[in-house]
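User: Hey, got a minute to go through a model with me? I'll pull it up here.

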Amino acid sequence: MKSYLLSIFLFIFLAVGPVHGAGTDAAQANTETSPSIVVVGETVETTTEAPDKTADPFQEEYENGEYTDNGANAASKEEKLEIADPLEPFNRAMFHFNDKLYFWMLKPVAQGYKEVVPEPVRISFKNFFSNLGFPIRFLSCLFQADFSGAATEAGRFGVNTIWGIGGLMDPAASKELDLQKQDTDLGLTLASYGVGHGFYIVWPLFGPSSPRDTIDLAGRYFLNPLSYITPWYYPLGTKALDVVNATSLSIGDYESLKEAAIDPYVALRDAYIQYRKKQIKRKNNKAGAAGVQLEGNLTKSGAY
Amino acid sequence: MTALLIFAIGGTASASGLFGPPQTISREAGGLNTSIGYSYQEDKFEDNAQYVFRQNQVYSQVSYGAKNRWEIYGRIGVSDLTISDAFTSNNASTLVTSDSDFTEHWKFFGTLGAKGFLPINKIFGVGAFLQGSYYFEHFKCEVAGTDAGAPFTADLKVRDLWDVNFGIGFQATVPYDIKLYAGPYIYYSEAKANLSANIAGLKFGTQKISLENKSIAGGFAGIDVPLAKGFHLNIEGRYSERFSFGAAIGYKY
């Protein structure tokens, strides 16, 4: 019985993915301070954003009396809007739980998978699963009145499904078509309506989140076509493949974040909040450029 | 064109999808191209009797080609099947009350093919292709009626439908990189069929029979037009006793 329960637990863990998913996002936020190749959600993108530099970072660190690592420090200085963490003891416990699961289970599996599956195949799988995320991105764009983003997503989905062999390839992102994936989700949609983060929470298996982003987690489940495949273990199996595949393409990101931080829990929390804030800012800038005034709503409500 | 007309006499068209232009549309350095296509096919099969097979096929294709000389490709698609008058009775005491046509909806098929091309000059060239298809699932249709007043129902199964095609295509590249092509082809196709019960007067029985294509040759002609942003439109027709046609939109990576 114990071995049965253990195997089910292992399967669920692989299916939903532990801290790594969120850690990936967080790692991105941490690495966004310098131009590099980072992982955004399920896709690998090249960040060309200029680093957030102060006039003299070393001088500023000295003046502030702070000698923490530069990435985390930059993040903490930029992130003046802190998130409440009333569940810190629980969150820390979950952080360690997820951390151990990542290092003891997901990473070894992903490393083995990486050894046997060539990178082009893994990238094709990543494209396939990303293509299946179309409903949540499309609806999020619509709910945000981002009709150009919705049209781009619909075009991407059509082109990649038909000419990308069911989404295994990404011809839509080619130079000629230039239909780029929209970096949005239901959490950002709620933010655009002025819903704030709420408090910080670390979910077992799912990683860093907030009440607002937890709604996004639920939305991702219900809007993912794979969730509706029967019998029940098919969606779990495909999700496990998705998580292991994505992890195999980003091994080292979470480790870098952890190694660079004095308190990995705080670093991950700050990086997560900062990353979400940047996403909201980016969407806000886009909406502003399109003539939609969301800035006031977001600032007033503290949705950052 | 003479060759096309010669080979077009006496055949019926059979293939799963288009043959396409003899020359690959992939980049010269080598690359993928993918397409989605629709094809309407008609073919005449026979054992002791003759049957007209009609199919609507929708497929997705991925190809790899290089040097403007060669290409290999694979397709996965779905097809329906209609066999005209499959359930007509030649026995006065047997009355078929269901539709006399065999009809079945979408079943999966796969196709593999390869083609080579030899340019003669900047405009003209000649190529050859070999293409084969197999239907992974069987087609099934129920027939109902009365036999000497007693009601009956039976299922006709058509299974292991496959075909292989070989052709030679002559191509002319005209302005705007439009490719016109035509040529003769030969083919063989086969299917197994059997009825779940012996019904007097019906052409099929419980014994599995092998249906083969009546003719072995035909002709084809088509056009490939480059569209914007790497897309291509391919339209093709095949003619022998009947006319078959199809169209595909491809994307060059």
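User: Let's begin with chain B. What does its secondary structure come to?
Analyst: This is a predicted model, to be clear. Chain B has 1 helix and 13 strands.

User: And where does the helix sit in the pattern along the sequence?
Analyst: At the start: reading along chain B, you get α-β-β-β-β-β-β-β-β-β-β-β-β-β.

User: What box do the C-alpha atoms of chain B fill?
Analyst: Roughly 70 × 35 × 25 Å, taken along the principal axes.

User: How much of chain B counts as buried?
Analyst: 41% of its 253 residues. As for contacts in chain B between residues at least 6 apart in sequence, 65% join residues at least 24 apart.

User: Got an example? I'm looking at B:Leu180. Which strand is it in?
Analyst: B:Leu180 belongs to strand β9 of chain B, residues 178-195. Take B:Ile223 as its partner: the two are 43 residues apart in sequence, yet their C-alpha atoms are 4.6 Å apart in space.

User: What else does B:Leu180 touch?
Analyst: Leaving out residues up to four places away in sequence, B:Leu180 touches B:Gln171, B:Ala172 and B:Val174 as well as B:Ile223.

User: Why does B:Leu180 count as partly exposed?
Analyst: Because B:Leu180 has 15 C-beta neighbours inside 10 Å, and a residue needs 20 or more to be buried, or 12 or fewer to be exposed.

User: OK, switching to chain A. How do α5 and α11 pack?
Analyst: Helix α5(A), residues 88-116, packs on helix α11(A), residues 233-248, at about 75 degrees, and the axes are 8 Å apart. That angle makes the pair roughly perpendicular.

User: Which residues meet there?
Analyst: From α5(A) you have A:Leu106, A:Val109, A:Ala110, A:Tyr113 and A:Lys114, and they meet A:Val244, A:Thr247 and A:Ser248 of α11(A). By class, that contact has 5 nonpolar, 2 polar and 1 charged residues.

User: What about α6 against α11?
Analyst: Helix α6(A), residues 119-132, crosses α11(A) at roughly 130 degrees, with the axes coming within 9 Å. The two are therefore oblique to each other, and the crossing is left-handed.

User: And which residues does α6(A) bring to that contact?
Analyst: A:Arg122, A:Phe125, A:Lys126 and A:Phe129. Facing them in α11(A) are A:Leu241, A:Asp242, A:Asn245, A:Ala246 and A:Ser248. The class count for this contact is 4 nonpolar, 2 polar and 3 charged residues.

User: So which α11(A) residue should I click on to see both contacts?
Analyst: Try A:Ser248: it's listed with α5(A) and also with α6(A).

Definitions and conventions: Residues are numbered from 1 along each chain as its sequence is written. Chains are lettered from A and ligands numbered from 1 in the order in which they are written. This is a predicted model: local features need pLDDT of at least 70, side-chain atom pairs count only at pLDDT 80 or more; totals for chains, interfaces and linings use all residues. Helices (H or I, at least four residues) and strands (E, at least two) are DSSP runs, numbered from the N terminus. Two residues are in contact if their C-beta atoms, placed from the backbone, lie within 7 Å. Axes are lines fitted to C-alpha atoms, for helices over the stretch in contact, and angles run from 0 to 180 degrees between N-to-C directions. Angles under 35 degrees count as roughly parallel, over 145 as roughly antiparallel, 65 to 115 as roughly perpendicular and the rest as oblique. Ala, Val, Leu, Ile, Met, Phe, Trp, Tyr, Cys and Pro count as nonpolar, Asp, Glu, Lys and Arg as charged, and the others, Gly among them, as polar. A crossing is left-handed if the near helix is turned anticlockwise from the far one by less than a right angle, and right-handed if clockwise.
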